[in-house]
Amino acid sequence: MNRYIKWLWLLVRQLWFRIRYRGAFRCASWSVGVEPGATLIVSRRGRFIAKGKLYIRKGSDVNVAKSELVFGKNVFLNQNVIVVCRTGIEFGDGCIVGPGCMFFDHDHQFEIGEKPFWQQPFTYEPIKIGKNVWIGAGVIVCKGVTVGDDCVIGAGTVLTKSIPAGSKVYRRAPLEVVSLPRQKMSDAPRTGSSA
């Protein structure tokens, strides 16, 4: 019974988004699920387009402003994914996005001078994620990145440049393990009274 209630709730939420955002929320089918606890904001000049089945888990935050966010067929965004779309982001068919990933198609300009950083304008470049891409937990995708088809992006990776099709990318940092010095029993501090 719970399965049917959840399905009905997701259908009602999609209907709500279609009414609230009118022509800005476009779905090819009724198989778009946005769980309760996920935030979806589409500005007046923004466009949210789902070409097929799409599921967005709770805790995710999707924000579309003056741009187009396009999802292909059979796309899954896990918990706590952040998508901030200011110029254009596209996810190809069959993309799987792990928990805690972030997608930003813009960045602050930062020049030392008269204006503080927060008053300086943004720079924009679209993001394109190919078909059949698996993006692991905690990945950050920055502006201007294109990920080719059939790629796997390992957990915790920060993508600042484009990735060719058929690639596996993972964060590799040298892990340093240092042993703690051991004290000899005679050198160990004594506890208790000295009487």
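P36 touches W9, R13 and K58, leaving aside residues up to four places away in sequence. This is a predicted model, and P36 is a handy place to start reading it. From there we can move to the parallel sheets, the nonpolar core and a few loop residues worth a look.

**Around P36 and the start of the chain**

- P36 lies in the loop that links β2 (32-34) to β3.
- With a relative accessible area of 37%, P36 is partly exposed, because the partly exposed class runs between 20% and 50%.
- The C-alpha atoms of P36 and L10 are separated by 8.1 Å, although these two residues are 26 apart along the chain.
- Helix α1 covers residues 2-21, and L8 is found in it.
- L8 is also partly exposed, at a relative accessible area of 47%.
- Together with W7, W9 and V12, L8 makes a nonpolar surface patch of about 450 Å². W9, then, belongs to this patch and is also one of the residues that P36 touches.

**The six-stranded sheet**

- Six strands make an open sheet with parallel pairing, in the order β1-β4-β7-β10-β15-β18.
- Its edges are β1 (25-27) and β18 (146-147); each has a single partner strand, so one side of each has no neighbour in the sheet.
- Inside that order, β10 (residues 89-91) pairs with β15 (residues 127-129) in the parallel sense, over three bridges.
- I89 sits opposite I127 of β15.

**The seven-stranded sheet**

- Another open sheet, again with parallel pairing, has seven strands in the order β2-β5-β8-β11-β16-β19-β21.
- Here β2 and β21 are the edge strands, each with a single partner, so one side of each is left without a neighbour in the sheet.
- Strand β5 (residues 54-56) and strand β8 (residues 75-77) run parallel and are joined by three bridges.
- Within this pair, L54 has V75 in β8 as its bridge partner.

**Strand β6 and its neighbours**

- Which side chains of β6 are buried, and which are not? Along this strand (residues 61-64) the side chains alternate: V62 and V64 point to one face and are buried, whereas D61 and N63 point to the other face and are not.
- Strand β3 (residues 39-42) runs parallel to β6 and is joined to it by four bridges. L40 has V62 as its bridge partner in β6.
- Four bridges also join β6 to β9 (residues 82-85), and these two strands run parallel.
- Between β6 and β9, D61 stands opposite I82, and N63 has V84 as its bridge partner.
- Strand β9 is joined in turn to β12 (residues 102-104) by three bridges, again running parallel.
- I82, the residue opposite D61, also stands opposite M102 in β12.

**The nonpolar core**

- In soluble globular proteins, nonpolar side chains tend to be buried together.
- In this model, the largest nonpolar core has 42 residues.
- Which residues have the most contacts inside this core? They are F48, L69, F91, F103 and I129.
- F103 touches V81, I82, V83, V84, I89, F91, V97, I127, I129, I135 and V141, not counting residues up to four places away in sequence.
- That list includes I89 and I127, the pair that stand opposite each other in β10 and β15.
- The list also includes I82 and V84, which are partners of D61 and N63.

**Loop residues to look at**

- Most residues other than glycine have a negative phi.
- N132, which is not a glycine, has a positive phi of about 55 degrees. This residue is in the loop between β15 and β16 (134-135), and at 48% relative accessibility it counts as partly exposed.
- D150 has a positive phi too, near 60 degrees. Its place is the loop between β18 and β19 (152-153), and it is partly exposed at 47% relative accessibility.
- Is S167 buried or exposed? S167 has a relative accessible area of 18%, so it counts as buried, the cut-off being under 20%.
- S167 is found in the loop between β20 (158-159) and β21 (168-169). Leaving aside neighbours within four places in sequence, S167 is in contact with D150, C151 and V152.

Definitions and conventions:
Residues are numbered from 1 along each chain as its sequence is written. This is a predicted model: local features need pLDDT of at least 70, side-chain atom pairs count only at pLDDT 80 or more; totals for chains, interfaces and linings use all residues. Side-chain values use heavy atoms; hydrogens and water are left out. Patches are made of residues with over 30% relative accessible area and no salt bridge: like charges are joined within 9 Å, nonpolar side chains (Val, Leu, Ile, Met, Phe, Trp, Tyr) within 5 Å. Accessible areas come from the Shrake-Rupley method with a 1.4 Å probe; for residues, only the protein chains shown count as cover. A salt bridge is a side-chain nitrogen of Lys or Arg within 4 Å of a carboxyl oxygen of Asp or Glu. Buried means under 20% relative accessible area, exposed over 50%, partly exposed in between (1.4 Å probe, protein chains only). Two strands pair if DSSP finds at least two bridges between them. A nonpolar core is a set of buried Ala, Val, Leu, Ile, Met, Phe, Trp, Tyr and Cys residues joined through side-chain atoms within 4.5 Å. Contact means heavy atoms within 4.5 Å.
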